[in-house]
Amino acid sequence: MASERDACVFCGIADGRVRGSIVYGDDQVLAFMTTGPVNPGHLLVVPRAHVALMAELDEETGAHLFRVTMRLAQAVRSSGVRCEGINLFLADGEAAFQEVFHLHMHVFPRFQGDAFKLDADWSIQPPREELDEMAARIREAHQKLVDSEPPRRDMVP
Ligand SMILES: [Zn+2]
């Protein structure tokens, strides 16, 4: 019977069933070039375990994924590809533009005048009371998470 893993292109790359241009791999994460680069040098870092969302990823693997992301961002900078800056992008959920439902961190080089755009209005500045109220709501939700469900460290890829 076909599993989620069988149907997933990133698992396919991790398992060697699908061709990928591999940059880095270890027992927890894998990095490869995306087939739809924003700019040349655009790569993806994924956990080997098939998880769709951040909430499904154990924190240790998440921490390792970010460690590898930081190193590869530095590698992109020093690789000779045109790179004056780096963007990281992680789409967590369909509304956030996630298209492949295997968690992945985008790492892509940026340079002055490139075509990448983030279409958002960054000029809106809510009143301080609104920010304080939002901070309180999220602080409370975070505390509930920490109290009721300790960080997940039990998942093995
Ligand atoms: Zn997968």
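Four donors count as tetrahedral if all the angles among them lie between 85 and 135 degrees. Keep that rule in mind for the metal stop on this tour. The model on your screen is predicted.

**Stop 1: the whole chain**

Show the protein as a cartoon. You should find 4 helices and 5 strands. Trace the chain from its start, and the elements come in the order α-α-β-β-β-α-β-β-α. Now switch to C-alpha atoms. Along the principal axes, they fill a box of roughly 50 × 45 × 25 Å. Colour by burial next. Of the 157 residues, 31% count as buried.

**Stop 2: the zinc ion**

Select the zinc ion and the side chains around it. Which protein residues are its donors? They are Cys 8 and Cys 11, each through SG, and His 50 and His 102, each through ND1. These donors lie 2.0 to 2.3 Å from the zinc ion.

Now apply the opening rule. The angles among the 4 donor atoms run from 104 to 116°. Tetrahedral sites need all angles between 85 and 135 degrees, so this site counts as tetrahedral. For comparison, the ideal angle for four tetrahedral donors is 109.5 degrees.

Look at the sequence too. The donors follow the spacing C-x2-C-x38-H-x51-H. Pick out Cys 11 and His 50, a pair that links distant parts of the chain, 39 residues apart. Cys 11 sits in helix α2, residues 9–15. His 50 sits in the loop between β3 (43–47) and α3 (59–77).

Are these two buried or exposed? Cys 11 has 0% relative accessibility, so Cys 11 counts as buried. His 50 is partly exposed, at 24%.

**Stop 3: Asp 58**

Stay in the loop between β3 and α3, and select Asp 58. Its relative accessible area is 4%, which is under the 20% cut-off, so Asp 58 is buried. Add Thr 61 to the selection. A polar contact of 2.7 Å joins the side chains of Asp 58 and Thr 61.

**Stop 4: the largest pocket**

Turn on a surface. The largest pocket holds about 600 Å³ of space. Its lining is made of 29 residues. Select Gly 36, His 42, Glu 99, His 104 and His 106, which are the closest to the pocket's centre.

Where does the lining come from? Helix α2, strand β2 (29–33) and strand β5 (105–110) each supply at least two residues. The largest share comes from α2, with 3 residues. You met α2 at the zinc stop, as the helix that holds Cys 11.

Colour the lining by class. It has 16 nonpolar, 9 polar and 4 charged residues.

**Stop 5: two phenylalanines**

Select Phe 97, in the loop between β4 (85–89) and β5. Check its backbone. Phe 97 has a positive phi of about 75°, although it is not a glycine. With 66% relative accessibility, Phe 97 counts as exposed.

Move on to Phe 111, in the loop between β5 and α4 (128–148). Is Phe 111 buried or exposed? Its relative accessibility is 17%, so Phe 111 counts as buried.

Last, add Cys 83. Phe 111 and Cys 83 are 28 residues apart along the chain. Draw a line between their C-alpha atoms, and it should read 5.7 Å.

Definitions and conventions
Residues numbered from 1 in each chain as written. Predicted model: local features only at pLDDT ≥ 70, side-chain atom pairs only at ≥ 80, totals over all residues. Heavy atoms only, no water. Donors = N, O, S within 2.8 Å, 3.2 Å for Na, K, Ca; no water. Tetrahedral: all angles 85-135°; square planar, octahedral: opposite > 155°, others 65-115°. Buried < 20%, exposed > 50% of the residue type's maximum accessible area, 1.4 Å probe, protein only. 1 Å grid on protein atoms, 1.4 Å probe; cavity = no way out; pocket = protein on both sides within 12 Å on 5 of 7 lines; lining within 4 Å. Points joined across faces, edges and corners; volume = space filled by probe spheres on them. Nonpolar A, V, L, I, M, F, W, Y, C, P; charged D, E, K, R; others polar. Polar contact = N/O pair within 3.5 Å; in protein donor to acceptor, adjacent residues only side chain to side chain.
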